[in-house]
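Here's a quick briefing to read alongside the sequence and the 3D view. Have both open, and follow the topics in order.

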Amino acid sequence: MSRTRSVAASAQGVHRRTVLAAAGAVSLSAGLGYALRPTDSHAATGTEAPVAASRKVSPAAALAPYTKGTTLASVAAPRNSSGYRRLGDGPGWKRVVRSELAAPKSGRADRRTALAAFVQFTDLHLTDVQHPLRLEYLRAHDPHAWRPQEALTVPGAVSLVERVNALRGAPVTGAPLHFVMTTGDNTDNNAHSELEWFMKVMSGGRITPDSGDPRHYEGVQNSGLKLYWQPGSTVRDGDKAVGFPHLAGFLAAAIREVRSPGLNLPWYSTVGNHDALPLGCHGSHGDPYLAEAAIGGRKLMSVTAAEAKKLQDAVKQATDPTGTGYRDFLKAHARSMRSVTPDEKRAPYTQADYLKAHLDPAYQGLGPAGHGYSSANLDAGTQYYAFRVSEDVVGISLDTTDPGGHYEGSVGTAQLKWLQKTLKDNQDSYVVVFSHHTSTSMTNTRPDPAHPGERRHTGAEVVSALAAHPNVLAWINGHVHKNVITPHQASGGRSFWEISTASHIDHPQLARVVELVDNKDGTISVFTTLIESAAPHRTDYGDLSQTGLAALYRELAYNAPGAHRTLAGDAGDRNTELVLKKG
């Protein structure tokens with residue numbers, strides 16, 4: 001398949017990349033949900049994008065390959081063997097070559113040329129920990145339903161931005177990184193406060209990860225309840241019983257202002273269920289009582305284990321998609337609630353609010369304008385789009401959240417048809433698809449209340465659509481909070497890799513660098529390299545600075561009661577070379 005383009009307009013003195021961008025806009029813009037301006041595609045190349053005078057562009061790529069700053073060099077690992085585990089520098093993870101879809105040929109390292117390189121963030125879950133609607137009390141039944149590290153999501157995410165800014169290009173090829181894509185669950189409680197923090201983390205700015213009373217923290221961690229880690233109290237809570245430290249000043253530090261430098265790359269955004277749905281599970285047209293309670297002055301912090309189990313089962317089984325059951329639950333526990341300071345910033349944001357935030361020039365950073373979204377998305381009420389990654393590669397961002405409710409996903413018929421047409425219209429380019437949900441977690445076909453007659457489609461149907469096109473290289477997603485890489489083999493030799501990456505709220509708190517290369521021997525390689533935040537592996541309990549908190553964020557996540565130890569995946573799900581045949 002030839003992917004060489006002729007550009008007639010170049011004879012008129014127009015820059016070739018600009019023409020390519022314009023051509024891409026024309027070929028990709030068919031269908032609702034997509035409106036790519038030439039400047040957007042231009043910014044995605046990572047070259048001539050407008051740069052504010054106060055911002056730095058990406059550093060020149062170093063000679064490749066390199067390992068510094070990646071999990072190839074070192075990974076945070078426990079220094080003691082039992083109890084609460086203090087972290088330090090551990091051995092790196094080796095790169096694994098996977099050949100299920102094609103046999104790797106010798107000498108390819110000398111022949112290969114880079115097609116594109118980018119970074120994936122996923123499941124940042126920036127969390128307003130004082131939000132009245134949070135379900136922390138489910139911990140009475142499930143220890144991992146509340147995490148001791150949740151108050152540190154913002155400094156942790158800023159440290160991840162700092163790591164990307166320090167990378168010397170792509171680790172394998174040394175090619176410049178084109179952009180960062182975040183694949184959903186950027187926020188946790190679908191709150192305006194969290195959306196503002198996310199936009200500033202990515203594009204740069206000062207962030208105060210606090211809501212309610214600006215003078216002090218009001219939440220479960222100073223409640224005196226033994227169910228939660230009480231870091232500044234002498235209360236012998238359940239977490240201290242297993243080794244969690246007493247840290248005077250922790251809560252004051254956790255809600256103190258931090259500063260994000262913003263990414264020194266363009267960045268794109270994909271929506272997740274926690275971004276689109278209240279609490280990540282209740283339908284976007286849910287009970288209005290919940291919106292009122294979100295900004296109100298009452299917060300439930302404690303229920304019995306039996307009540308917690310019943311409520312968690314309702315969430316898992318999607319028996320309360322509109323939130324009316326949760327409304328009744330809260331009303332029944334009104335006398336058990338504690339007073340907190342009301343705050344309108346905690347109001348749930350709508351799909352239009354999400355799009356407007358991305359289109360706001362105040363959050364443009366290094367672009368592109370809208371971070372993939374456009375005014376056409378706003379007009380059409382869609383959150384999916386396509387964009388040109390590089391001269392030879394097109395990216396497609398899907399919206400796999402189901403407005404009908406539940407945390408598992410699907411896509412509507414209109415979006416599936418748009419995907420199929422976009423793939424057909426771009427057969428002369430390689431394609432990388434991004435979404436929040438994985439193929440196996442797209443099992444929710446509950447109707448969209450705004451389009452009750454439209455059928456919803458599962459992950460298996462998306463796999464079939466992608467497998468029908470030999471130019472699809474990878475489907476990159478998150479949601480499951482675990483590193484999993486799955487080969488998809490279709491009839492006729494068509495194949496692609498599905499790359500699911502661990503979250504940045506649960507241990508091991510990772511992001512992924514992805515490189516696409518042409519081996520010049522009939523095969524393509526997709527290289528994946530995991531990275532941690534820039535925070536040191538060792539923590540210092542006396543250091544409650546922004547960097548110190550980011551390091552503590554990782555260690556608390558490692559030790560969180562109920563946390564799974566398998567989320568890093570197997571060796572073949574981490575640092576890899578994924579080989580497949582050219583279409």
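Strand β5 (residues 180-183) runs parallel to β8, and four bridges connect the pair. Keep in mind that this is a predicted model. Below, the notes start with that strand pair, then move to helices, salt bridges and the chain as a whole.

**The β5 and β8 pair**

- If you want a spot to look at in the pairing, Thr182 sits opposite Ser269 of β8.
- Strand β8 spans residues 267-270 and is covered on both faces.
- One side of β8 carries Trp267 and Ser269, the other Tyr268 and Thr270, and all of these are buried.
- That two-sided split fits a general pattern: side chains in a regular strand alternate between the two faces of the sheet.

**Helix α4**

- Helix α4 covers residues 153-166, which is 14 residues.
- How far apart should its ends be, at 1.5 Å a residue? The expected span is 20 Å, and the end C-alpha atoms are indeed 20 Å apart, so the two agree.
- Is α4 mostly enclosed or open? With 12 of its 14 residues buried, it is largely enclosed by the rest of the structure.
- The buried set includes Val154, Val158, Leu160, Val161 and Val164.
- Arg163 and Asn165 are also among the buried residues of α4.

**Around Ala314**

- Ala314 belongs to helix α9, residues 305-316.
- Leaving aside residues up to four places away in sequence, Ala314 touches Thr319 and Asp320.
- Tyr326 is 12 residues from Ala314 along the chain, and their C-alpha atoms are 9.1 Å apart.

**Salt bridges**

- As general background, side chains of opposite charge can pair when their charged atoms come close.
- The count of salt bridges here is 26.
- One of them joins Asp188 and Arg134, at 3.4 Å from N to O.
- What does the pair tie together? Asp188 is in the loop between β5 and α5 (192-203), while Arg134 is in the loop between β4 (113-121) and α4, so parts 54 residues apart in sequence are tied together.
- Both partners are out of the open: Asp188 is buried at 7% relative accessible area, and Arg134 is buried at 6%.
- Glu150 and Arg147 make another salt bridge, with the closest N and O atoms 3.1 Å apart. Each of these two residues is buried.
- Arg456 and Asp402 also meet through their side chains, at 3.8 Å from N to O. This pair links distant parts of the chain, 54 residues apart: Arg456 is in strand β15 (residues 456-457), and Asp402 is in the loop between β12 (393-397) and β13 (411-412).
- Arg456 counts as buried with a relative accessible area of 8%, and Asp402 is buried with a value of 0%.
- Shared partners join several salt bridges into one network made up of Arg134, Glu136, Arg147, Glu150, Asp188, Lys299 and Asp506.

**The chain as a whole**

- The chain has 583 residues, and 59% of them count as buried.
- Its secondary structure adds up to 15 helices and 21 strands.
- Take the contacts between residues at least 6 apart in sequence: 77% of them join residues at least 24 apart.
- About 21,100 Å² of the chain is exposed, and carbon and sulfur atoms supply 53% of that area.

Definitions and conventions: Residues numbered from 1 in each chain as written. Predicted model: local features only at pLDDT ≥ 70, side-chain atom pairs only at ≥ 80, totals over all residues. Heavy atoms only, no water. Helix = DSSP H or I, 4+ residues; strand = E, 2+ residues; numbered from the N terminus. Buried < 20%, exposed > 50% of the residue type's maximum accessible area, 1.4 Å probe, protein only. Contact = heavy atoms within 4.5 Å. Areas by Shrake-Rupley, 256 points an atom, 1.4 Å probe, with all protein chains shown as cover. Pairing = 2+ DSSP bridges. Expected span 1.5 Å × (residues − 1). Salt bridge = Lys/Arg side-chain N within 4 Å of Asp/Glu carboxyl O.
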